[in-house]
Amino acid sequence: MKKLFSILLTLSLSAALLAGCGSKEETPAETPAEETPAQEETLSGSVSTNGSTSMEKVIGVLSEQFMADNSGVSVTYDPTGSGTGIEAAKNGTCDIGLSSRALKDEETSAGLVGTTVALDGIAVIVNADSKVSDLTVEQIAQIFTGAVTDWSEVGGDAGTISCIGREAGSGTRDGFETITDTKDTCVLAQELTSTGAVIEAVKGNPNAIGYASLSAVEGQEGIKALTVGGVACAEETVLDGTYAIQRPFVLVTKDGTALSAQAQAFFDFATSSAANDLIRAAGAVPVAE
């Protein structure tokens, strides 16, 4: 019995030793290191815009917000007129050209691309003391071509009408003359090189009539914007097309030529719905949905 007991004890100890040798201490699984999120690229450098003086307020508010959001970027604006801005985009002396008219066939054929960022009504303005408050497009054309020369012919006090317009190459002039069918036939007492100069000239002359961007006219004293065919120049009438004298605000780029990272980012921002309130605050009508 003693011998049997010894054998059983030996077998039990051996089994216990084997079980101990076969077990491994489990180590906790390694936790994978957390991935570091990719850092967004910080924009830096400059973005140069050149062209339409009528787009000054729109480009101003867009540039200001973009630079606030991207402190390393400087956006510049050179108010040279639409024709010069289009040429600058073509020859690469600016990043983005600015035009207050649609591009012509010969310009798109030369590889330029126009992207409408907003719509703008061209207000027909007279001195604040004028009795005239409404004209048709036909009457406006007759006045600017010299067929009608006295205010008494259109319901005003007697006085020789003085037509104030923009210089050749101006997008505002091109838009106005195209819509009123007066291209190259206007008889102007003054041809001025900026929207602000036209407004000041009309303020100072009780017999003057001129045209200027809606965004520049709103809130101005000393002038008034006429209704055209009974329709006021306002955001809603420009957007729905009932106001006849309107034109687009266009960003001009060159097809096949990539913008810098900062210029592309500015372009994308300006044409997005995120810019709508800014464009509206500048007096123009946003088109992004």
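**Figure 1. Salt bridges across the whole structure.** A search through this predicted model turns up ten salt bridges. A salt bridge here is a side-chain nitrogen of Lys or Arg within 4 Å of a carboxyl oxygen of Asp or Glu. Side chains of opposite charge can pair when their charged atoms come close. Residues are numbered from 1 along each chain as its sequence is written, and side-chain values use heavy atoms, with hydrogens and water left out. Because the model is predicted, local features need pLDDT of at least 70 and side-chain atom pairs count only at pLDDT 80 or more, while totals for chains, interfaces and linings use all residues.

**Figure 2. A salt bridge between Glu107 and Arg101.** Here the side chains of Arg101 and Glu107 meet, with N and O 2.8 Å apart. Are these two residues buried or exposed? Glu107 has a relative accessibility of 14% and counts as buried; Arg101 is buried too, at 7%. Buried means under 20% relative accessible area, exposed means over 50%, and partly exposed lies in between (1.4 Å probe, protein chains only).

**Figure 3. Arg247 and Asp120, a link between distant parts of the chain****.** In this salt bridge, the closest N and O atoms of Arg247 and Asp120 are 3.0 Å apart. Arg247 belongs to strand 11 (residues 246–254) and Asp120 to strand 4, with their positions 127 residues apart in the numbering. Both Arg247 and Asp120 are buried. Helices (H or I, at least four residues) and strands (E, at least two) are DSSP runs, numbered from the N terminus.

**Figure 4. A salt bridge within helix 7****.** Look for Glu200 and Lys203, whose closest N and O atoms lie 3.3 Å apart. How are they placed along helix 7 (residues 195–203)? Glu200 and Lys203 are three residues apart, so about one helical turn separates them. Glu200 is partly exposed at 47% relative accessibility, and Lys203 is partly exposed at 27%. Elsewhere, salt bridges that share partners join Arg173, Glu177 and Glu191 into one network.

**Figure 5. Strand 8 and its partners.** Strand 8 (residues 208–213) is mostly covered, with six of its six residues buried. Which way does strand 4 (residues 112–127) run beside strand 8? The two are antiparallel and are joined by five bridges; Val126 stands opposite Ile209 of strand 8. Strand 6 (residues 162–166) pairs with strand 8 in the parallel sense, over two bridges, and Ser162 has Ala208 in strand 8 as its bridge partner. Two strands count as paired if DSSP finds at least two bridges between them.

**Figure 6. Two cysteines without a disulfide****.** The structure holds zero disulfides, a disulfide being a pair of cysteine sulfur atoms within 2.5 Å. Why is Cys163 not bonded to Cys186? The closest cysteine sulfur to that of Cys163 is in Cys186, 7.5 Å away, which is too far for a bond. Cys163 is buried, at 4% relative accessibility, and Cys186 is buried at 17%.

**Figure 7. Stepping back to the whole chain.** The protein chain has eleven helices and twelve strands, and 43% of its 289 residues count as buried. Among contacts (heavy atoms within 4.5 Å) between residues at least 6 apart in sequence, 75% join residues at least 24 apart. The accessible surface comes to about 15000 Å², of which 51% belongs to carbon and sulfur atoms; such areas come from the Shrake-Rupley method with a 1.4 Å probe, and for residues only the protein chains shown count as cover.
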